[in-house]
Amino acid sequence: MGATGSVLFDDSYRGNLPADINPNHSNWITAHQDATHLELYEVERLWERFQQLSGKSGVIPEQDLAKFKDDFTLKQILAQMPKELNGGVTFLTFCNAMKWSANAQVDTKLRAIFRTLNHGRAWDLGVMKQIVSKLYPDDTADCVQLTAHEFVQQLDTAGQGFVDEDQFIAWMRTQDYNTVCSLLEFHIVPPELLSELRRDETSLVPSRLSGAIDSAASGDPFILPPTVEQMREVAQRCAGRDWLILVNKIGYTTAEIEEVRQTSPFNNNDADIVYELLRRWLENNPMATTGDLEIALRESNMADIASVLL
């Protein structure tokens, strides 16, 4: 089976499955785990969600995708997913799309949002009115028109009469970094549900995760990965101090730090840069734990900040 391309999901999010595999095979879940490099429990959760979307056969048929035609945003997202030759969306494609949603960097997600809402084309007043009406469904037509007009005027700094991708990104970079991160944050399995996996005897949880949950339940918070909230708090408290020592301790070179400083879409202050470095550190080191960060803080003479990890 061949899939058509997508402006959002590149080849790094593709994978291969054994020939002729289907949901009746015992290795259906593990085969998708191997293809996507997701955790087993993540694939299991995604399979549950996929079946709810009429994908029990392993493919959401084209006719079932059509039922989302009245949902503007969802319709645009589905349109960007690679399709099979018959127009359907496979479970593998769905897994890769959700993995992308969880792992893609902020700048990439912002560009994807822009492209998704109008097939990669610029946003003129008509498109903006559609977006505003979906965001504020209770507003009157006049209010929607006014809001859309003001938004185009504010973002269209070149006086083109429309908003292009670079203008949208430039405007988003003026917004509060933590707020933007919160809005774009996506977890395949919400952090608060991870502890419930321990009580779910039917879930096939990897041994490392099982051990981590057992340790956390027994009073050891340093075996789990740091949460987004913890990393943000650490970043805020490190700002104004010699945070370069900390990021050196977790493996960053001076050149790498400067690269992040120059290329990160949000580099307005030290807290933003430290958070971005911590986020990338965790993304690139999936075995990293809160304990690792606590040790790095202590070795950087910031033992007082380590208390936020408890």
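Leu-17 is partly exposed, with a relative accessible area of 29%. Welcome to a short tour of this predicted model, which starts at that leucine and moves on to aromatic pairs and helices.

**Around Leu-17**
- Leu-17 sits in the segment that precedes α1 (28-36).
- Leaving aside residues up to four places away in sequence, Leu-17 touches Ala-31, His-32, Ala-35 and Leu-92.
- Although Leu-17 and Ala-35 are 18 residues apart along the chain, their C-alpha atoms are separated by 6.3 Å.

**Aromatic pairs**
- The whole structure contains 10 aromatic pairs.
- One of them joins Trp-28 and Trp-47 edge-to-face, at 5.4 Å centre to centre with 65° between the planes.
- Trp-28 belongs to helix α1 and Trp-47 to helix α2 (residues 40-52), so this pair ties together parts that are 19 residues apart in sequence.
- Both tryptophans are buried: Trp-28 has a relative accessible area of 6%, and Trp-47 has 12%.
- Phe-151 and Trp-171 also pair edge-to-face, because their ring centres are 5.1 Å apart and their planes lie at 80°, past the cut-off of 60 degrees.
- Here Phe-151 comes from helix α8 (residues 141-155) and Trp-171 from helix α9 (residues 165-172), 20 residues apart.
- Trp-171 is partly exposed, at 21% relative accessible area.
- Trp-28 and Trp-47 join Phe-50, Phe-91 and Phe-94 in one aromatic cluster.

**Helices α13 and α16**
- The 15 residues of α16 (residues 270-284) should span 21 Å at 1.5 Å a residue, and the end C-alpha atoms are indeed 21 Å apart.
- Helix α16 is mostly covered, with 12 of its 15 residues buried, including Tyr-275, Arg-279 and Trp-281.
- In helix α13 (residues 228-238), the buried residues include Val-228, Met-231 and Cys-238.
- Gly-240, just after α13, adopts a positive phi of about 90°.

Technical notes: Residues numbered from 1 in each chain as written. Predicted model: local features only at pLDDT ≥ 70, side-chain atom pairs only at ≥ 80, totals over all residues. Heavy atoms only, no water. Helix = DSSP H or I, 4+ residues; strand = E, 2+ residues; numbered from the N terminus. Expected span 1.5 Å × (residues − 1). Buried < 20%, exposed > 50% of the residue type's maximum accessible area, 1.4 Å probe, protein only. Contact = heavy atoms within 4.5 Å. Phe/Tyr/Trp six-rings, centres within 6.5 Å; stacked < 30°, edge-to-face > 60°.
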